[in-house]
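Trainee: I would like to learn how to read a model like this one. Where do we begin?

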Amino acid sequence: FPSHDIFYIYGDTTAGGTTGTSNAYIWGAQVTAGLNLLPYVPTTSTAVFSPRFDYDSLTSPATAKGLLIEGQATNLIRNSMMNAASNVSGTTSINAGRGTIPNFWTFSTSVGGITGNVALVGVESGLTFCDYRLFGTPSSTGNVLIQFDTNMAVVSGRTTIRSSYLKLTGTSSGVTIRKGLEWSNSAGFVGNTHQDISVGSGSLINQRYQVRTPMPATPADISKANSYILLQVTSGTPIDLTLRVAGPQFEAPTSGRGRASSFIPTFTSTVTKAADIVTITGSNFSSFFNANQGTFVASTTTSVDPLGYALIMGVAPVGIINGTNSIELYQSGGGNQSRFNFDTAGVSSDMYPQPGFAAVNTSIKFAATYSSSLSLRAVAARTPSNYGFVANTIPITYNTSIAYAYIGSRGNDLFLDGTIKSLKYYSKALSNSAIQNLANTAY
């Protein structure tokens, strides 16, 4: 039985093949003369609200991951594009090394015997970077700090997400690299935390390091945060290393999110990225939507907080899904399991195909069907390591016409914060064996 392809994107990774898209818009096309990809330069002052498509840069050619859906996000670091940085003039704060650090940043140490400088400012894979070089023999064991911004607004109890692209080259024996976070109130320092990271020497675009840290609930007046990289050097152990830093980002989202959002460039102040909102609207979807029976099939990846909910797709007669007269597919809390909700006239039928759990940033295939004549609802889900199927015979009939379809969010909340590779609708209730096959088979 033919399906309606609500959305489909594919990547051809066969030998000699090319990666492409089907019925997809590509945002931000740019041609640059030269060997290196330069930062994106918009050629219009008018905002372009086109869909965004994500790709896996670790594969060659890059494999399409799908339609990117993210909620609103703010980068609280005021100069993530390293405005005013230079490796030709000026003086850093480390022992008279050459170079100028970016505005709002600091580069400092109390350790003697080593010199630090901004060795290079440039662009790699479209990312503006600063190379911080440290060399010499430390006279004591201590720390070198690269601080991105020391005056970022936060509140007690809010989860924060720190991310940056990092690349390490040179001799780094005896050096430990940590991502650090410090918080304070009006009286001054309150606390801090550090996480050791192992930074590689590969392509910068493939090395985005991120840490998710909840702010303490007490004291209740935490108001500022400082995000930084800490390099601990060892007394008497010679070093000559270069740490390439690009795209630092600090977020304190109001809703649960399991990973950093896509990079948000800033120059002199914080910047907020609008949410990706995808909807299909009309007066009546009766030309393809069957109220008596149907099947939904989806292939997604989400980074929703394990305690939160994310909408894959929902259909409703009104401009917001309110839990009445709607059909919804979710990835939800308690381990990010799948959920199929069939709701009409306020009577709900929730089904969870346990053990269909999906960890954050793990792909999941999901198929769900309904039929009023068979008094049937069934759902199947597959993750790389788990599979689940459940069916019931609660006699609920969906008798309301559909005029709205939401993809990846409810329009104002429950954002997927991930990608949708495939989303299909069949205006027929497929058999239990068929939906299990769809959940188990790549498409």
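## Reading backbone, sheet and core

Mentor: Begin with M82, which is buried, at a relative accessible area of 3%. Keep in mind that this is a predicted model.

Trainee: What is the sign of phi at M82, a residue that is not a glycine?

Mentor: The general idea comes first. Most residues other than glycine have a negative phi. M82 has a positive phi, about 60°. The residue sits in the loop between β4 (73-75) and β5 (86-91).

Trainee: Which other residue should I look at for a positive phi?

Mentor: Look at D417, also not a glycine, with phi near 50°. D417 belongs to the loop between β27 (404-407) and β28 (418-426).

Trainee: Is D417 buried or exposed?

Mentor: Buried means under 20% relative accessible area. D417 has 5% relative accessibility, so D417 counts as buried.

Trainee: What about omega? Which peptide bond is cis?

Mentor: Again, the general idea: most peptide bonds are trans. The bond from T218 to P219 is cis, with omega near -5°. P219 is placed in the loop between β14 (208-214) and β15.

Trainee: Now the sheet. In what order do the five strands run?

Mentor: Strands of a sheet pair through backbone hydrogen bonds, either parallel or antiparallel. Here the order is β7-β10-β15-β12-β13, in an open sheet with antiparallel pairing. At the edges are β7 (106-109) and β13 (188-197), each pairing on one side only. On average, neighbouring strands of this sheet are turned by 25° against each other, direction ignored.

Trainee: How many bridges join β7 to β10?

Mentor: Four bridges join these antiparallel strands, with β10 covering residues 142-153. To see one, start at T106: its bridge partner in β10 is Q147.

Trainee: And the core? Which residues of the largest nonpolar core touch the most other members?

Mentor: In soluble globular proteins, nonpolar side chains tend to be buried together. The largest nonpolar core has 43 residues, and I146, I177, L231 and L243 touch the most other members. Elements giving two or more residues to this core include β8 (114-124), β10 and β12 (176-185). β16 gives the most, six residues.

Trainee: What does I177 touch, leaving out residues up to four places away in sequence?

Mentor: Its contacts include L168, I229, L231 and L243. Q195 and D196 are also among them.

Trainee: Which residues does the second, separate core include?

Mentor: That core has 30 residues, including F53, L67, I407 and L423.

How values were computed. Residues are numbered from 1 along each chain as its sequence is written. This is a predicted model: local features need pLDDT of at least 70, side-chain atom pairs count only at pLDDT 80 or more; totals for chains, interfaces and linings use all residues. Side-chain values use heavy atoms; hydrogens and water are left out. Two strands pair if DSSP finds at least two bridges between them. Axes are lines fitted to C-alpha atoms, for helices over the stretch in contact, and angles run from 0 to 180 degrees between N-to-C directions. A nonpolar core is a set of buried Ala, Val, Leu, Ile, Met, Phe, Trp, Tyr and Cys residues joined through side-chain atoms within 4.5 Å. Buried means under 20% relative accessible area, exposed over 50%, partly exposed in between (1.4 Å probe, protein chains only). Contact means heavy atoms within 4.5 Å.
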